[in-house]
Amino acid sequence: MENWQPIFSVIVFAAVIILIMTEWVHLTIAAFLGALLIVFTNIMTLQEAMGYIGRSHGTLGLFFGVMVLVRAFEPTKIFDYLAMQMVLLARGQGKRLLLGIVAITTPICAVLPNATTVMLLAPLIPPMAQDVGVNFVPLLILMVFVANSAGLLTIVGDPATFIVGDAINISFTDYLWRLSLGGAIAVAMVVFTLPFLFRKIWHTRLENLDQLPHPEINHPRALGLGGVIVAFVLIFFVIGESLPVPISPAAAALLGAALALLLSHQSRIDTVNNILRDLDWSTLIFFMSIFVLIGGLEKTGVISGLSGVLSVILGKNIILGSLVLLFFVGLLSSVVPNIPLVVAMVPLLKQYIVNIGLAPTEILSADFQGQYPPEVLPLFYAMMFGATLGGNGTLVGASSNIVAAGISEQHGRRISFKKFLHYGIPVMLLQLVALALYVLIRFLL
């Protein structure tokens, strides 16, 4: 491999992040141009680039399917109706509204991927905020924080938890026993910040609830059938992969999307062209481009080279290694989407513990099903916590952040990088410190 290619891959990736941070160009354009530079300089061929995108077909299929489901039932006004019910339950009080978003999002994100939950719930936020008379952007940001944090409650709550859990062969129940408390602590940290970061909304009070518009549901029969489709999809999200013939969440979402399109077409509540035209294509293109950029770093050896750096810096000090990994990966995850970051970090970490002699070379095999030495597991736990919670730091840190930004833009307001940073950095730092103490006390002392 020629020496210029790793350097160029790092420069392109850094340039894309800088363009996104400074908002000189739209984040999708920045990532798309960066991915094309990797291809046009022949760091990877177009076929290889498509292969890296194909590795994440599950994520892309899941996003596309849920986007279609949400958009297909928009003409029924179900989202406006549910948003009004949330306002009434909150009795017009801003603090009840904020706590209600936490209470609704947390249990759902424990069993569904966080980006999926944001796709399902975020359309409720703009009409609800309009009824209360507050800016919906902070509410969307809060939902993202809760979704990313609550994803740590179970092994299926976040793609990062599933990737790491699968890599170290930890079961669903073992995860609950060892790691779910970390997720609860992360959510508690978000709740702690509500009166400070969301001060204006926290003190908002709406007196004349009776004067608010009360939207009515359209096309009730189509909505009833749609509810059956959504229930079918959610059930298969939870149990699909444990069936004798496994059904992935992405496959369930795509089948649900196809049925929703069929229902919309047959019931004439909307046209297929209208539904597909209104999807958030920019978010899908952004993710595909990021996967190519990460692929360039992987192919040129940048990522694998970091394992040697870890060996030199950390040696065999597991306590130091775990804490360094938690903060390093957390800060890195604030600018690198956590799904591709975790995919890259797992083999890097495996190679590291083999290099320092704490694990046999057998763990490097893709089909290894044995148990890892208990003393090295805190490294993986810390890396998982850092990658998940670091995603709360900036707009590009997690897939759910990008999804929320896309939904916000569709409703006429853009979540700027600077705006997200204002909320994200305090939450991320508070959570990383709290989880570092948890890892230290629970696993290392």
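A residue counts as exposed when its relative accessible area is over 50%, as buried when that area is under 20%, and as partly exposed in between. Arg 277, at 56% relative accessibility, therefore counts as exposed. The model described here is predicted, and this briefing covers its salt bridges, with the network that some of them form, and then its second largest cavity.

**Salt bridges and the network around Asp 278**

- The count of salt bridges comes to 5, and those that share partners join Arg 71, Asp 270, Arg 277 and Asp 278 into one network.
- Within this network, Asp 278 pairs with Arg 71, the closest N and O atoms lying 2.8 Å apart.
- Asp 278 sits in the loop between α15 (272-277) and α16 (281-299), whereas Arg 71 belongs to helix α4, so this salt bridge ties together parts that are 207 residues apart in sequence.
- The two partners differ in class of accessibility, since Arg 71 is buried with a relative accessible area of 10%, while Asp 278 is partly exposed at 29%.
- Asp 278 also meets the side chain of Arg 277 in a salt bridge, with an N to O distance of 3.2 Å, and Arg 277 is the exposed residue introduced above, at 56% relative accessibility.

**A salt bridge within helix α11**

- Asp 174 and Arg 178 form a salt bridge through their side chains, with 4.0 Å from N to O.
- Both residues lie in helix α11 (residues 172-197), and because they are 4 residues apart there, about one helical turn separates them.
- Asp 174 is partly exposed at 33% relative accessibility, and Arg 178 likewise counts as partly exposed, at 22%.

**The second largest cavity**

- The model has 2 cavities of 30 Å³ or more, and the second largest cavity has a volume of about 40 Å³.
- The elements that each give two or more residues to the lining of this second largest cavity are α4 (57-72), α7 (114-121) and α13 (220-239), and α13 gives the most, with 4 residues.
- The lining of the second largest cavity is made up of Val 66, Leu 69, Thr 116, Leu 120, Val 230, Val 233, Leu 234 and Phe 237.
- By class, this lining holds 7 nonpolar residues and 1 polar residue, and no charged residues.
- Helix α4 thus appears under two topics, as it holds Arg 71, the partner of Asp 278, and is also among the elements that line the second largest cavity.

Note on methods:
Residues are numbered from 1 along each chain as its sequence is written. This is a predicted model: local features need pLDDT of at least 70, side-chain atom pairs count only at pLDDT 80 or more; totals for chains, interfaces and linings use all residues. Side-chain values use heavy atoms; hydrogens and water are left out. On a 1 Å grid over the protein atoms alone, a cavity is a set of points where a 1.4 Å probe fits but cannot get out, and a pocket is an open set with protein on both sides within 12 Å along at least five of seven lines; lining residues have an atom within 4 Å of a point. Grid points are joined across faces, edges and corners, and a volume is the space filled by probe spheres set on the points. Ala, Val, Leu, Ile, Met, Phe, Trp, Tyr, Cys and Pro count as nonpolar, Asp, Glu, Lys and Arg as charged, and the others, Gly among them, as polar. Buried means under 20% relative accessible area, exposed over 50%, partly exposed in between (1.4 Å probe, protein chains only).
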